[in-house]
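Visitor: I would like to take a close look at a single part of this model, the largest pocket, together with whatever surrounds it. Please set it in its context before going into detail.

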Amino acid sequence: MSKKIVKIMIVPIAVGLFLGLGTVMVRAQNSQAPTSSNGSLKKEAQQENVQEKKASLKQKNLEQAKEKVNADISRVIKKLNKTKDRVAAMPNIENSLKTQLNLKIDESITKLNTRKTTVDAATTKEELQSAMEGFKTEVKEAKKIVKDIVEAIHKTHLQTVITKMETFITKVEERVAAITDTSKKAEAEGLVLEAKTKLTNTKTLNDAGNIAEARKTIKAAFRDLKSALELANEKEGSNE
């Protein structure tokens, strides 16, 4: 076989190999393109899924926080309403004082309800934080109102007891004045005088808001009057 024939045979073979290789490369590229595209889409889908989960968790946390805040507000409002009912049921409180106390309660409840509306409207953590500004102060104010009202109720009640005690002292003095036994009479008069002093101290303590101590003092005054009355009764018993 001559060299010319060999060259003629080699050329078609080379061309065929080149064309075949090109076809393989094109196929390879075509087969890789969809894989790369699918991978990118899958990655994007995963990222979107992560973002959705984060957004969902964020919203859930926000709603839970709002529920907790509203529960706290409702608890304070409930306590204020109970105090209002208590004021209305007190027979020893004048209507003018009841009106004054109720106005304070209503004002506090209005503030808290407004706060609740603002909290409900919050759609972000930042908005909720903004809605919560001043809430602690309002709670403190509400607690102080309840405390002041309870104190006012106790003071008014104790004042009624003091008035009754003053009437009781007058009656005991009349009984003591009738005692003929000098020794017993002097003892009874001393007890009445002690009761009067304790009653004066009770008034001072009550005005200062020291209700617990005022109650102790007026109970001690009552015991003194009771003892004085017993001495007067002994006198009556000896005459029978």
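In what order do the elements of the protein run from the N terminus on?

Guide: The model is a predicted one, and from the N terminus on its elements run α-α-α-α-α-α, which is to say that the protein has six helices and zero strands. Of its 240 residues, 26% count as buried, while the exposed area comes to about 16600 Å², with carbon and sulfur atoms supplying 56% of that area. Where contacts link residues at least 6 apart in sequence, 72% of them join residues at least 24 apart.

Turning to the part you asked about, the largest pocket has a volume of about 150 Å³. Its lining consists of L101, K104, E107, S108, K111, E141, K144, I145, D148 and I149, and two helices, α2 (95–121) and α4 (135–177), each supply at least two residues of that lining. Sorted by class, the lining holds six charged residues, three nonpolar ones and one polar one.

The lining residue I149 also leads into the largest nonpolar core, which has 24 residues and in which I149 is listed with I73, V76, L80, I105, L112 and I153 as touching the most other members. At least two residues of this core come from each of α1 (3–89), α2, α3 (125–131) and α4. A second, separate core has 20 residues, among them A195, A228, L231 and A232.

Within the largest core, L80 deserves a closer reading: leaving out residues up to four places away in sequence, L80 touches I105, S108, I109, L112, A142 and V146. Two of these names recur elsewhere in the picture, since S108 belongs to the lining of the largest pocket and L112 is listed among the core residues that touch the most other members.

The same L112 appears again in the surroundings of E138, a residue placed in helix α4. Once its neighbours within four places in sequence are set aside, E138 is in contact with K111, L112 and R115, and K111 in turn is one of the residues that line the pocket. As for its exposure, E138 counts as buried because its relative accessible area of 13% falls under the 20% cut-off.

Notes: Residues are numbered from 1 along each chain as its sequence is written. This is a predicted model: local features need pLDDT of at least 70, side-chain atom pairs count only at pLDDT 80 or more; totals for chains, interfaces and linings use all residues. Side-chain values use heavy atoms; hydrogens and water are left out. Helices (H or I, at least four residues) and strands (E, at least two) are DSSP runs, numbered from the N terminus. Buried means under 20% relative accessible area, exposed over 50%, partly exposed in between (1.4 Å probe, protein chains only). Contact means heavy atoms within 4.5 Å. Accessible areas come from the Shrake-Rupley method with a 1.4 Å probe; for residues, only the protein chains shown count as cover. On a 1 Å grid over the protein atoms alone, a cavity is a set of points where a 1.4 Å probe fits but cannot get out, and a pocket is an open set with protein on both sides within 12 Å along at least five of seven lines; lining residues have an atom within 4 Å of a point. Grid points are joined across faces, edges and corners, and a volume is the space filled by probe spheres set on the points. Ala, Val, Leu, Ile, Met, Phe, Trp, Tyr, Cys and Pro count as nonpolar, Asp, Glu, Lys and Arg as charged, and the others, Gly among them, as polar. A nonpolar core is a set of buried Ala, Val, Leu, Ile, Met, Phe, Trp, Tyr and Cys residues joined through side-chain atoms within 4.5 Å.
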